[in-house]
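Trainee: I'd like a close look at one part of this model, the nonpolar patch on the surface. Please take me through what makes it up, then add anything else worth a glance.

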Amino acid sequence: LSYLGLAAGTVLILAAVRYKVNVGIAAAAAGLIVAATSGGGIVVLTDSLSETVIEPAGLTLLVSIAFITMIGNIMKVSGALDDLTQGIGRVIRDARIVAFMLPSLVGMLSVPGSSVFSAPLVDSVGRSLGMTREQRVTTNVMFRHGWYYIYPIYAPLLMIQQISGVPYSAFVLPGAIATLAVFALTARTVFRKDSLTPEPSSLVDDGSIGSCGCSDCSSAKVSPGAGVNGRNEAVIGPGALPAVSARLVFSILAAASPILVVLLVGVGTSINFSIATALGALTALFAAPSDGPYLKEIARRFREGAVPGIDWQVVGTVAGTVFFGRTIVNSRVLASMTAGTGSAVSVLSLFIFGFALPFLSGFIIGSHLPAVGIAGPLLVPLLSGLPNPAGLVVALYMAASSGYLMSPAHVCFISTVQYLKADVSSSWRMMWGPGGAGLVLGLIFWAVQVAVNLL
């Protein structure tokens, strides 16, 4: 019965993606189905709800997401987003590199759902490049998560090293190849010239573009020429210095100060991440440059940016998808796949536990950590006595990473789609190519390791 519940829940989420129903609501309903059909019943339900909205880890995530959306909105209202993208565009000539760097830098947060933090930044530079909403989603998700094949302080990678005893050095080369493949196919997908058509209200190098993405409005702050020219190069507006100056560097740092505060406090200290994001929101409110009287500007930012800044739909979507993932983990429906398979080492058992299970776990749950946590302990006992088991552990991690990248239940994907108001189905299909490249490379690496160990 638990298998049927999982299948029904998965179909429900896929149907929500197909018919453009709120995925957070569908994921919450899917979680209820999984809990109801599991052996644990009410225990699975209450534990999953508690882990999602009450226990520190879940509550921190939701509060952090709320403040992250607020930071993005305040930075839009204040013009800091435009100042940041314009400044980086003056330092880096190719705006495509800017589009790559922004989500990559925010990826250092390594917190579920924080892709919504870089979404406003990618939105701004993506509009100047003429990207569609779906291309901006793919840019934001893939250029952030592609690093996680090799990001050394990423929790799932640290966990699989602890479970298996395999050193980080074993992950570097195959992970770097997968990362480069994901980035290359993402760039080919999102920077295709034939598809880079500006939205009706977003003009490229043809007027002043505001933080809302439209021209000739009161929020317009980026001067003509501050976007990209016909060669996709970031160009410098009238009167700007062609070389990097101390004033330009200060302007970039001031505009980026809310992001820097979150990174420095959230990653560089042991302070709770929700506090770091709250400090980032206060920085966005008080510290970014002001074009008018300071107190009036702060009042305007609070009124127009902070008060309506929390995107409750994004928060609800994150809560629903996390709840679905927790019900699967707590019901142990995926772990029960071990029943009846025995413990003999064979190509089939290594494929099930070393590739198929981690991929499907990441794909269905939409979370990397549970996928590695489910599959890792099941595979490692099978590897004792094999001559070169480390490569099979690396293949497991690559499979889980690829499933996570391609999952329609991926929190960062769903929250970015929600933030950018993109089409869910089209955005998801656009990620198949880059995510599939990582999957194919992982499968090839797995096959080589099986041959090394069993033949």
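Mentor: Here's the patch, followed by a helix pair.

Keep in mind that this is a predicted model, where local features need pLDDT of at least 70 and side-chain atom pairs pLDDT 80 or more, while totals for chains, interfaces and linings use all residues. Residues are numbered from 1 along each chain as its sequence is written, and side-chain values use heavy atoms, with hydrogens and water left out.

The patch covers about 680 Å², and Ile271, Ile275, Leu279, Leu282, Phe286, Tyr294 and Leu295 make it up. (To join a patch, a residue needs over 30% relative accessible area and no salt bridge; nonpolar side chains are linked within 5 Å, like charges within 9 Å.) Two elements each give two or more residues: helix H12 (273-286) and helix H13 (294-306). H12 gives the largest share, with four residues. Phe286 sits in H12 and counts as partly exposed because its relative accessibility is 40%; that class lies between buried, under 20%, and exposed, over 50%.

Now for the helix pair. H6 (residues 95-106) packs on H7 (residues 115-129) at about 175°, axes 9 Å apart, so the two run roughly antiparallel, a label for angles over 145 degrees. In contact terms (heavy atoms within 4.5 Å), H6 brings Ala95, Arg96, Val98, Ala99, Leu102, Pro103 and Val106, and H7 answers with Phe117, Ser118, Leu121, Val122, Val125 and Leu129.

Note on methods. Accessible areas come from the Shrake-Rupley method with a 1.4 Å probe; for residues, only the protein chains shown count as cover. A salt bridge is a side-chain nitrogen of Lys or Arg within 4 Å of a carboxyl oxygen of Asp or Glu. Buried means under 20% relative accessible area, exposed over 50%, partly exposed in between (1.4 Å probe, protein chains only). Axes are lines fitted to C-alpha atoms, for helices over the stretch in contact, and angles run from 0 to 180 degrees between N-to-C directions. Angles under 35 degrees count as roughly parallel, over 145 as roughly antiparallel, 65 to 115 as roughly perpendicular and the rest as oblique.
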